[in-house]
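Trainee: Could we go through this model together, with the cut-offs stated as we go?

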Amino acid sequence: MEVRTIDYYNKNAKEYSQKTFDVDMSKLCDKFLNKLKPEARILDLGCGSGRDSQYFLSRGFDVYPVDGSKALCKIASQNIGIEVKELLFDELDFHEEFDGVWACASLLHVPKPELPAILTKVHQTLKDDGIFFVCFKYGDGEEVREGKHYTDMTEEVLQKVLQEHGFEILDLFITGDSIKNRDETKWVNAIGKRK
């Protein structure tokens with residue numbers, strides 16, 4: 001991930017947490033959790049404020065939250081009551097340790113040329129038949145917006161890139177934005193299974 005994106009989150013961690021922690025993502029989370037066994041082990045990859053990790057924990061899952069921003073790790077740890085590890089995407093070094101990987105609005109900060117290597121690491125992280133959720137803002141551009149790098153995706157491109165990296169697509173769908181006053185923002189979401 002680009003240094004400027006990490007810098008943005010380190011400088012704006014408190015404001016970002018306040019804006020995102022109480023957003024209701026339960027429907028999206030449940031789509032993912034319904035494909036996992038009870039008490040499954042989940043890697044929350046780029047957990048931000050810790051919102052989704054808290055939801056997974058409340059449902060009895062074994063959660064390992066990580067984020068690349070030191071400041072967000074500290075805030076998320078306080079929000080959810082367990083330690084959040086500071087970890088960049090390219091530092092992923094797990095081998096078949098997780099039943100699920102949840103990457104909600106996180107891998108969209110990876111520049112397109114770096115995405116294949118990160119997806120390979122995610123694939124290695126999952127156990128056989130492990131479940132992977134990922135979402136990107138809808139579009140086909142790549143640019144810096146509001147101090148953060150964004151890689152946008154369409155359904156076709158996301159499906160292709162996931163299949164090329166060893167994932168069977170279980171679900172591919174478009175959603176609106178859950179944060180107030182962002183009605184124009186659309187998201188492309190995918191749930192894949194490690195083949």
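Trainee: In the hairpin of S6 and S7, which residue takes a positive phi?

Mentor: This is a predicted model, in which local features need pLDDT of at least 70 and side-chain atom pairs pLDDT 80 or more, while totals for chains, interfaces and linings use all residues. Residues are numbered from 1 along each chain as its sequence is written, and side-chain values use heavy atoms, leaving out hydrogens and water. Strands are DSSP runs of E with at least two residues, numbered from the N terminus, and S6 (residues 142-145) pairs with S7 in the antiparallel sense over four bridges, where pairing requires at least two DSSP bridges. Two residues lie between these strands, and the one with a positive phi, near 55 degrees, is Glu146.

Trainee: Which strand gives the most to the largest nonpolar core?

Mentor: A nonpolar core joins buried Ala, Val, Leu, Ile, Met, Phe, Trp, Tyr and Cys residues through side-chain atoms within 4.5 Å, buried meaning under 20% relative accessible area with a 1.4 Å probe and protein chains only. The largest has 50 residues, and Leu45, Phe56, Leu107 and Phe132 have the most contacts inside it. Seven of its residues come from the strand that gives the most, residues 126-137, which is S5.

Trainee: Why is Cys135 not bonded to the closest cysteine sulfur, in Cys104?

Mentor: A disulfide needs two cysteine sulfur atoms within 2.5 Å, and the structure holds zero of them. Cys135 is buried, at 3% relative accessibility. Its sulfur is too far from that of Cys104 for a bond, because the distance is 4.0 Å.
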